[in-house]
Amino acid sequence: MLPSRSSLSRSQIVERLTELLTADQVITDKQQLLEASVDRFRKYTAVHGIYDGPIPAAIVLARSTDDVSRTLAFANEHLINVVPRTGRTATEGGLETIVEDTIVLDGSQLDRILDVDETNMMVTAQCGVPLQRLEDELRVRGLTTGHSPQSKPIAQMGGLVATRSIGQFSTLYGGIEDMVVGLEAVFADGHVARIKNVPRRAAGPDIRHIAIGNEGALCVITEVTVKVFKYQPESLHFQGFLLDEFAAGVEGLRRIVTEGYKPSVCRVYSEEDAAQHFSHFAQGKCVVVVVSEGPAGVARATDDGVAEIFASIPHTPVDPALIATWFGNLNWGQDKIDAEKATMLAEGHLGYTTEVSINWSGVPELYDAVMTRIRTTFPRADDLTMLGAHSSHSYQTGTNLYFVYDYKISCEPRREITEYHEPLNAIIVEEALRLGGSMVHHHGIGKYRTPWTLEEHGTAYPMLAALKTAFDPNGIMNAGTIFPVDAPAAPSAEK
Ligand SMILES: Cc1cc2nc3c(=O)[nH]c(=O)nc-3n(C[C@H](O)[C@H](O)[C@H](O)COP(=O)(O)OP(=O)(O)OC[C@H]3O[C@@H](n4cnc5c(N)ncnc54)[C@H](O)[C@@H]3O)c2cc1C
């Protein structure tokens with residue numbers, strides 16, 4: 001669908017928004033607009049002050065669902081592109097403003113925790129509540145959401161739901177899609193839809209999934225209700241194993257999950273990835289990390305079951321205290337982001353990731369295919385300082401592969417994306433699709449995996465395209481995200 005084109009000028013848009021809301025809700029500061037035109041996909045150019053794309057007309061700070069509704073209705077009437085945002089930790093270009101005079105609709109001031117319901121085990125929060133704050137509040141009450149993405153200190157509830165995020169404890173608690181009970185969302189015409197909180201229903205298709213993972217391309221999520229669980233840190237068990245082969249670690253994870261155990265964390269790191277995460281004990285080996293939790297008896301039984309499985313896989317055990325310490329320092333707050341910026345500027349060095357998923361039987365081939373293709377065909381392979389992968393989220397049928405690549409940049413900053421990031425990302429995505437996997441496990445399609453959206457969905461793509469046509473007929477919602485700008489709105493089912 002082609003992006004909308006407004007007939008209003010930039011100054012008219014700002015003037016009308018100021019009338020619609022209050023002046024202090026409409027930001028037009030040049031630097032803030034520049035920074036709002038990109039996300040972490042362009043973290044290297046941004047740190048050099050390079051912003052080449054269209055700059056938004058204004059950032060709107062929504063303070064109520066009604067603010068969101070009126071802003072969207074105005075944008076829809078005048079065909080103005082809208083990019084919703086909350087925590088701004090997006091990594092795939094979802095926050096990029098590719099259309100002139102976009103409105104960036106910021107939900108971070110919708111930041112109230114509305115209700116903690118300890119009987120029905122759910123919590124309701126506005127979209128701008130940072131997950132860390134929610135977790136801190138819940139843990140005081142002996143509860144947890146069970147959601148723990150690495151970006152937990154910064155990411156906020158709206159974005160976490162809008163991207164189908166997943167956390168480190170996913171093997172036990174699932175991804176965000178398993179946690180959302182109900183939500184409130186506002187559509188392009190300003191309509192406010194509330195999906196009620198019930199434990200399950202069979203009242204037609206599950207409409208929560210129109211909002212979950214929509215990446216701001218269908219609606220703005222203003223409020224979310226998620227499940228809560230008992231927080232039982234006293235029964236945590238940590239285990240670590242050193243292995244010679246990545247494939248043996250993957251097989252260990254497969255057996256843990258398919259034999260019926262539900263540790264909260266089960267991961268395997270390739271030797272290259274392990275060397276950077278566990279430099280003080282990895283000894284050039286692959287590392288498996290498992291955390292078991294829950295009621296004491298369940299946690300103990302899970303820990304014993306994992307030990308039994310690894311008893312038949314040659315390994316060297318790791319001191320559990322080392323795994324516990326590593327785990328305690330895994331999350332990324334503003335301090336690590338600032339340190340990363342300093343390194344990018346001082347050393348011209350950075351790291352990126354691309355995460356895909358595949359059924360168990362395809363994991364070894366996908367891993368080998370990506371590593372071989374990058375090493376042998378990537379023209380700037382000599383600049384790679386690290387290339388590895390880990391599997392961090394496992395299911396009954398398969399797992400994810402999270403490829404990690406660090407490189408030293410030996411071209412001018414502006415060309416970093418096309419010389420390094422895009423070709424590396426493309427190799428991983430293409431190999432995942434070629435072998436029957438999914439091109440994206442949890443970061444969302446954003447704007448940089450849209451060249452493969454049609455291939456990802458195949459004959460089911462018309463079902464996805466129909467959502468865009470139905471819920472955003474004027475094409476004002478986050479143009480270029482999920483849906484390629486030049487794709488037909490409702491392509492035929494032939495492929
Ligand atoms: C250091 C780091 C670690 C990360 N670790 C993880 C991880 O472990 N697991 C994981 O899943 N992801 C991870 N991510 C990616 C990112 O944190 C997630 O995608 C997160 O869910 C984004 O939330 P946010 O509030 O920052 O959203 P934003 O960055 O503000 O937005 C993300 C996308 O959602 C849309 N959006 C935002 N708010 C709304 C809303 N209210 N309604 C509709 N659309 C909206 C935006 O338009 C954009 O397309 C990581 C990122 C970083 C930088």
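A helix axis here is a line fitted to the C-alpha atoms over the stretch in contact, and angles between axes run from 0 to 180 degrees between N-to-C directions. With that in mind, let's walk through this structure, which is a predicted model.

**The domains**

The domain assignment divides the protein into domain 1 (10-106), domain 2 (115-230), domain 3 (233-328), domain 4 (334-434) and domain 5 (449-474 + 482-495). Notice that domain 5 is written as two stretches, 449-474 and 482-495. Between the C-alpha centres of domain 3 and domain 5 there are 40 Å.

**Two pairs of helices**

Start with helix α15 (residues 363-377) and helix α16 (residues 416-434), whose axes come within 10 Å and cross at roughly 145°. The crossing of this pair is right-handed. On the α15 side, the contact is made by Leu366, Ala369, Val370, Arg373, Ile374 and Thr377. Their partners in α16 are Leu424, Ile427, Ile428, Glu430, Glu431, Ala432 and Arg434. Sorted by class, eight residues in this contact are nonpolar, one is polar and four are charged.

Now look at helix α1 (residues 10-20) and helix α4 (residues 65-78), which pack at an angle of about 150° with their axes 11 Å apart. Here, too, α1 passes α4 in a right-handed crossing. Ile13, Arg16, Leu17 and Leu20 belong to α1, and they meet Arg70, Thr71, Phe74 and His78 of α4. This contact of α1 with α4 counts four nonpolar, two polar and two charged residues.

**Around the ligand**

Which residues come nearest to the ligand? Of the 33 residues around the ligand, they are Pro84, Thr86, Thr89, Ser151 and Thr163. Ser151 appears again in the table below, where an oxygen atom of the ligand is paired with an N or O atom of the Ser151 side chain.

| Ligand atom | Protein partner | Distance |
|---|---|---|
| oxygen | N or O atom in the side chain of Ser151 | 2.6 Å |
| nitrogen | polar backbone atom of Gly216 | 3.2 Å |
| oxygen | N or O atom in the side chain of Asn478 | 3.2 Å |

When you turn the structure yourself, try finding Gly216, where a polar backbone atom is the partner of a ligand nitrogen. Then find Asn478, where the side chain supplies the N or O atom for a ligand oxygen.

Methods. Residues numbered from 1 in each chain as written. Predicted model: local features only at pLDDT ≥ 70, side-chain atom pairs only at ≥ 80, totals over all residues. Heavy atoms only, no water. Helix = DSSP H or I, 4+ residues; strand = E, 2+ residues; numbered from the N terminus. Left-handed = near helix turned anticlockwise from the far one by under 90°. Contact = heavy atoms within 4.5 Å. Nonpolar A, V, L, I, M, F, W, Y, C, P; charged D, E, K, R; others polar. Domains from an automatic or database assignment. Near = heavy atom within 4 Å. Polar contact = N/O pair within 3.5 Å; in protein donor to acceptor, adjacent residues only side chain to side chain.
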